[in-house]
Amino acid sequence: MADIYEITDFEAPELDIYARMTEVQLLRYYEPQPGIFLAESPKVIHRALDAGYEPISLVMEKSHVKGDQAQSILARCPDKTVYTADLNVLSQLIGFKLTSGMLCAMRRAPLPSAEDVCAGAKRLAVLEDVVNPTNIGAIFRSAAALGMDAVLLTRACSDPLYRRAIRVSMGTVFQIPWTFFDKKTGWPEDGMRLLNEHGFATAAMALREDADSVDDDRLKREERLAVVLGTEGEGLAAETIADCDYTVRIPMSGGVDSLNVAAASAVTFWELGKK
């Protein structure tokens with residue numbers, strides 16, 4: 001049974017992971033082992049537990065502790081400490097208003113290799129230097145919903161297990177395989193070689209006049225396809241586009257020349273994911 005404590009001391013060291021540590025500090029908490037992430041809301045926490053992540057402790061709004069959602073979480077987190085307080089106290093402590101009044105600190109798991117992620121996929125999203133956690137979360141949600149098998153990220157991308165990325169993804173970061181290219185795999189040259197070795201055709205999403213339309217039948221007929229999406233604003237590097245088998249764009253109308261990378265990912269995954 002969970003141990004429930006009402007918060008009376010804001011400076012208690014056991015609350016540091018919720019109140020005073022940055023995302024980077026949480027990431028490095030157990031170095032050289034994987035660190036900690038924060039899962040917010042019952043749905044997200046359940047998805048993390050379903051994926052096998054280990055809870056450390058929880059913070060809950062006091063009025064929610066005896067509710068059905070909280071009890072369903074607590075039943076899956078035996079012997080874990082739960083810190084409670086009124087909503088205004090929690091908001092002051094952690095610096096934001098909790099979604100559904102609940103936050104869970106969990107241990108990260110070792111990431112799979114890029115080779116293992118490629119081996120199990122037919123449709124792959126590759127993110128180049130996407131740095132906004134909100135965009136990362138939205139892309140993962142679209143990938144999980146619209147037929148993509150996995151996600152690969154260059155090392156400059158924001159971490160999918162940052163709190164905001166997890167929240168925006170609605171926990172789908174725990175449902176779809178993903179990893180970063182490792183330090184030895186340079187991008188794009190080494191990364192493209194890895195994709196080619198696993199039989200992937202590569203499609204660069206880019207605003208080029210000579211680009212193929214995203215609904216081109218050749219793309220849909222590719223047995224294995226990696227869709228490569230670029231950073232906010234600048235898009236894909238010219239070298240990346242040159243290394244890909246296809247250059248692809250979403251046809252626009254109404255004088256609009258482009259979509260945000262998260263919106264573009266949803267359209268692209270709908271067209272090119274497994275249906």
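Select leucine 152 in strand E7 and threonine 179 in strand E8: the two residues stand opposite each other. Helices (H or I, at least four residues) and strands (E, at least two) are DSSP runs, numbered from the N terminus. E7 and E8 run parallel and pair over 3 bridges; two strands count as paired if DSSP finds at least two bridges between them. The path from E7 to E8 passes through helix H8 (residues 163-169), and this β-α-β crossover is right-handed. That term applies if, with the strands pointing away from the viewer, the path from the first strand over the helix to the second runs clockwise.

The model is predicted: local features need pLDDT of at least 70, side-chain atom pairs count only at pLDDT 80 or more, and totals for chains, interfaces and linings use all residues. Residues are numbered from 1 along each chain as its sequence is written, and side-chain values use heavy atoms, with hydrogens and water left out.

**Strands E7 and E6**

Next, select all of E7 (residues 150-153). Ala150 and Leu152 point one way, Val151 and Leu153 the other way, and all are buried. Buried means under 20% relative accessible area, exposed over 50%, and partly exposed in between (1.4 Å probe, protein chains only).

Move on to E6, which is joined to E7 by 4 bridges in a parallel arrangement. Two pairs can be picked out here: leucine 124 stands opposite alanine 150 in E7, and valine 126 stands opposite leucine 152. E6, helix H7 (residues 133-145) and E7 together make a right-handed β-α-β unit.

How many of the residues of E6 are buried? The count is 5 of the 5, so E6 is largely enclosed by the rest of the structure. Arg123, Ala125 and Leu127 point one way from the strand, and Leu124 and Val126 the other way. E6 also runs parallel to E11, joined by 5 bridges; alanine 125 has valine 227 as its bridge partner in E11.

**The whole parallel sheet**

Now display the full set of 7 strands, which form an open sheet in the order E8-E7-E6-E11-E9-E12-E10 with parallel pairing. Its edge strands, E8 (178-180) and E10 (212-213), each pair on one side only. At the E10 edge, select aspartate 212, whose bridge partner in E12 is valine 248. E10 and E12 (residues 246-249) pair in the parallel sense over 2 bridges. Then add helix H12 (residues 261-272), which packs on the sheet and touches E6 (123-127), E9 (201-205) and E11 (225-229). The direction of H12 makes about 165 degrees with that of E11. Axes are lines fitted to C-alpha atoms, for helices over the stretch in contact, and angles run from 0 to 180 degrees between N-to-C directions.

**Tryptophan 187**

Select tryptophan 187, in the loop between E8 and helix H9 (189-197). This residue is partly exposed, with a relative accessible area of 22%. Beyond neighbours within four places in sequence, its contacts (heavy atoms within 4.5 Å) include Val126, Phe181 and Met192.

Which side chains does a polar contact of 2.6 Å join? They are those of tryptophan 187 and glutamate 128. A polar contact is a pair of N or O atoms within 3.5 Å; within protein, one must be able to donate a hydrogen and the other to accept it, and residues adjacent in sequence count only if both atoms are side-chain atoms. Another, of 3.5 Å, joins the side chains of tryptophan 187 and threonine 240. The C-alpha atoms of these two residues, 53 residues apart along the chain, are separated by 8.2 Å.

**The mixed sheet**

Turn to the 5 strands that form an open sheet in the order E1-E4-E3-E5-E2, with mixed pairing. E1 (3-6) and E2 (36-40) are the edge strands, each pairing on one side only. From one strand to the next, the twist averages 20 degrees. Within this sheet, E3 (residues 54-61) runs parallel to E4 (residues 81-85), joined by 5 bridges; methionine 60 stands opposite threonine 84. Helix H3 (residues 42-50) lies across E2, E3 and E5 (102-107), at about 20 degrees to E5. Helix H5 (residues 87-94) touches E3, E4 and E5, and its direction makes about 125 degrees with that of E3.

**Two cysteines**

Finish with cysteine 77 and cysteine 104. The whole structure contains 0 disulfides, a disulfide being a pair of cysteine sulfur atoms within 2.5 Å. The sulfur of cysteine 104 lies 5.2 Å from that of cysteine 77, too far for a bond. Cysteine 77 is buried at 1% relative accessibility, and cysteine 104 is buried at 0%.
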